Amino acid sequence: MIKEEEEEGSAQQAEEQQQQLRRRYEELCGALNMDERARAEAWESYARISQTYTLEGNALHWLACALYVACRQSVPTVGKGTVEGNYVSLTRILTSTELSMIEFFNKMKKWEDMANLPSEFRERTKKLERNFTVTAVLFKKYDPIFQQIFKNAQEEQPRQHRSRKQRRQPCTVSEVFQFCWVLFINAKGKDDVKCAICVSKRAIFVEVLNPVYTGFSAGRIWRR
């Protein structure tokens, strides 16, 4: 009798945890404005795999993998044909689930095996991981080069609140830092050959930073 009560209690607790996870998942999908097809497909995939495998760690992180797969599937368009994915970015999924890019790739490799995903999908994931690795290396090179040209962003004073009638304040160092990095990422993406070269050379950094430096040299953010 006691054993049966314990089993019933465990089953009830497991069901409550599953319901709580489903609510968190629905809140996540709502925040991402996820379409119904991807929402249902990802949950069904997670439920099926969790019955066969033990998914250690944060369940939302595994659901992030399931959502990423569901978001990259071909979907029908209003007209004839299909479009790949539903335009929900990986960055938004990872940010909403508080999952780092490195941890995502580690889990994604396991998820691909458990879900028996096709080789074409796995190759796209590998390519994405390679691009992330290259970008991380480039960022480590970009930061010290930027600091050599501009004032240290950590020394920057916080902006003062201004009224609508006051003149717009000059760009802060942090804003220029972000602008130059986004500009560099776009320039890098235009030329894969140059991308490979810039891993070991500073040429493309100079190409990006030089016009910015020249264009804003009258401002207060430059080194004296």
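Threonine 125 sits in helix α6 of this predicted model, where local features need pLDDT of at least 70, side-chain atom pairs count only at pLDDT 80 or more, and totals for chains, interfaces and linings use all residues. Residues are numbered from 1 along each chain as its sequence is written, and side-chain values use heavy atoms, with hydrogens and water left out. Helices here are DSSP runs of H or I with at least four residues, numbered from the N terminus.

Phenylalanine 132 belongs to helix α6 too, which covers residues 119–149. Let's put these two residues side by side. Buried means under 20% relative accessible area, exposed over 50%, and partly exposed in between (1.4 Å probe, protein chains only).

| Residue | Relative accessibility | Class |
|---|---|---|
| Threonine 125 | 5% | buried |
| Phenylalanine 132 | 28% | partly exposed |

Next come their partners, where contact means heavy atoms within 4.5 Å. Not counting residues up to four places away in sequence, threonine 125 touches Tyr68, Phe105, Met108 and Glu112. With neighbours within four places likewise left aside, phenylalanine 132 is in contact with Met101, Ile102 and Phe105. The C-alpha atoms of phenylalanine 132 and isoleucine 102 are 9.1 Å apart, with their positions 30 residues apart along the chain.

Helix α6 also helps to line a pocket: it gives the most to the lining of the largest pocket, with six residues. A pocket is an open set of points on a 1 Å grid over the protein atoms alone, where a 1.4 Å probe fits, with protein on both sides within 12 Å along at least five of seven lines; lining residues have an atom within 4 Å of a point.

Terms used: Helices (H or I, at least four residues) and strands (E, at least two) are DSSP runs, numbered from the N terminus.
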